[in-house]
Amino acid sequence: MNDSSWGAPAGSGSRGPDQGPVPAGPAYDRHLAAQTRPMPIVPDVPAGGFQDGHGRGAAHPSGPLFREETPHEHPQEPMHSPAPPPPPAPRKKKTAGRDLGAAIGVGVGLGTVVFASLFIWKPAFVGVIVVAVVVGLWELTSRLQERKAIKAPLVPLAVGGAAMVVAGYVRGAEGAWVAMALTALAVLVWRMTEPPGGYLKDVTAGVFAAFYVPFLATFVALLLTAEDGPQRVLTFLLLTVVSDTGAYAIGWRFGKHKLAPRISPGKTREGLVGGVTFAMAAGALCMEFLIDDGIWWQGLIIGLAVAASATLGDLGESMIKRDLGIKDMGTLLPGHGGIMDRLDSLLPTAPVVWLLLALFVGTA
């Protein structure tokens, strides 16, 4: 049977003017045609879609085409709207890294003690130096034993360190050198009371600690022996603090280029420039208004030297702490760490300031 004959009207005897008569057969008997339900005409869909009689696009017929076809047999894919872009991550606020409130409070407290002892009674300030030295030696030897199993003897170091500072104040540089030599000898003898294993590293660390902490601190006592000793010590402290503060402030705000990333990642070249600038300005003011017979340009030189020595001292202790695998030498000072974390830039700066002041204005 030719499929093209489907859809002719019931009872029709012809196919149309162009198609000829309908062939005879039982399927087209008139009495059966009345019982036959006509099939719907399904037009061919052109490539461009359905069109009406005027050539315009017509809507696609909706609903099922056959009775067996239901809409749920060919569900449409759900339309997913694109996910909204994630909100931009909040910009991380730059922080100082320490409890600044506690650090400022401790700094003010220490400054009060130093200022009061310095200008009320000189020997009281010598006592402050001795306490700082003994506590610093305790922190250093404790960290060496904890992290490296190095037993630098604390007793001869503490006694010899205190004697060093007092001898420097009473007998000058000669007395400090003699006390240093006797302290090193005491370390060698004291360590002999224990088994020989590790003797060399223990006494080496002990002699290093004696030089690093009490001997360098003795130059602060030497500064104090001059007639204007309190002003000289105050100049030394102010320049060191101003250098550290200027380097920290400028580096925190503008620092981009690392100064020594393997040693101290937080230090930047911009911070060093800030420290040098602040220290030179403070040095000129101190030499002009605090030091007898001082000249402002001498303060520029001293300020530059202080910034360099303070930075090297800070880097030197950072090397020690990195070798030990610690962040701070102690926890005695909230917001600062330990005593040694405050002495790191002061200790190497003391002999530098003492030497330059001796050259510029003498030691008397």
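Let me begin with a definition: a residue counts as buried under 20% relative accessible area, as exposed over 50%, and as partly exposed in between, using a 1.4 Å probe and protein chains only. At 1% relative accessibility, E139 counts as buried, and we shall return to this residue shortly.

Please keep in mind that this is a predicted model, in which local features need pLDDT of at least 70, side-chain atom pairs count only at pLDDT 80 or more, and totals for chains, interfaces and linings use all residues. Residues are numbered from 1 along each chain as its sequence is written, and side-chain values use heavy atoms, with hydrogens and water left out.

I turn to confidence. The term pLDDT is the predictor's confidence in each residue, from 0 to 100. The mean pLDDT of the protein is 81, and 72% of its residues reach 70 or more. Confidence is lowest in helix α1, residues 30-33, at a mean of 47, and highest in α5, at 97. Two stretches call for caution. Over residues 1-34, pLDDT stays under 50, and the model has 20 contacts there beyond four places in sequence. Over residues 45-75, pLDDT likewise stays under 50, with 16 contacts beyond four places in sequence. A contact here means heavy atoms within 4.5 Å.

Next, the overall build. Helices (H or I, at least four residues) and strands (E, at least two) are DSSP runs, numbered from the N terminus. The protein has 10 helices and two strands. Along the sequence, they follow the pattern α-α-α-α-α-α-β-β-α-α-α-α. Of the 364 residues, 35% count as buried. Among contacts between residues at least 6 apart in sequence, 66% join residues at least 24 apart.

How do the two strands run? Strand β1, residues 258-260, and strand β2, residues 264-268, run antiparallel and are joined by two bridges. For two strands to pair, DSSP must find at least two bridges between them. The bridge partner of A260 in β2 is S264. Together, β1 and β2 form a hairpin, with three residues between them.

Let us now look at helix α3, which covers residues 122-148 and holds R143. E139, the buried residue from my opening, is in α3 as well. Leaving aside residues up to four places away in sequence, E139 touches M329, G330, L332, G338, I339 and M340. Of these partners, I339 lies 200 residues from E139 along the chain, yet their C-alpha atoms are separated by 7.8 Å.

Is R143 buried or exposed? R143 is buried, with a relative accessible area of 13%. Its contacts, again not counting residues up to four places away in sequence, are K148, L324, I326, M329 and G330.

Two loop residues deserve a comment on their backbone angles. As background, most residues other than glycine have a negative phi, and most peptide bonds are trans. A149, in the loop between α3 and α4, has a positive phi, near 55°. A149 is partly exposed, at a relative accessible area of 47%. D293 also has a positive phi, near 65°, and lies in the loop between α7 (269-289) and α8 (296-324). D293 is exposed, with a relative accessible area of 69%.

At the other end of the numbering, A364 is found in the segment after α10 (346-361). Which residues does A364 touch? Not counting residues up to four places away in sequence, they are A226, E227, D228 and R232. A364 is nevertheless exposed, with a relative accessible area of 71%. From A364 to L223 the distance is 9.6 Å, C-alpha to C-alpha, although the two are 141 residues apart in sequence.

Finally, the interior space. On a 1 Å grid over the protein atoms alone, a cavity is a set of points where a 1.4 Å probe fits but cannot get out, and lining residues have an atom within 4 Å of a point. Grid points are joined across faces, edges and corners, and a volume is the space filled by probe spheres set on the points. How many cavities of 30 Å³ or more does a search of the whole structure find? The search finds one, with a volume of about 40 Å³. Its lining consists of A173, A176, W177, F215, T218, F219 and L222. The elements that give two or more residues to this lining are α4 (154-191) and α5 (199-224). The largest share, four residues, comes from α5.

Conventions. 1 Å grid on protein atoms, 1.4 Å probe; cavity = no way out; pocket = protein on both sides within 12 Å on 5 of 7 lines; lining within 4 Å.
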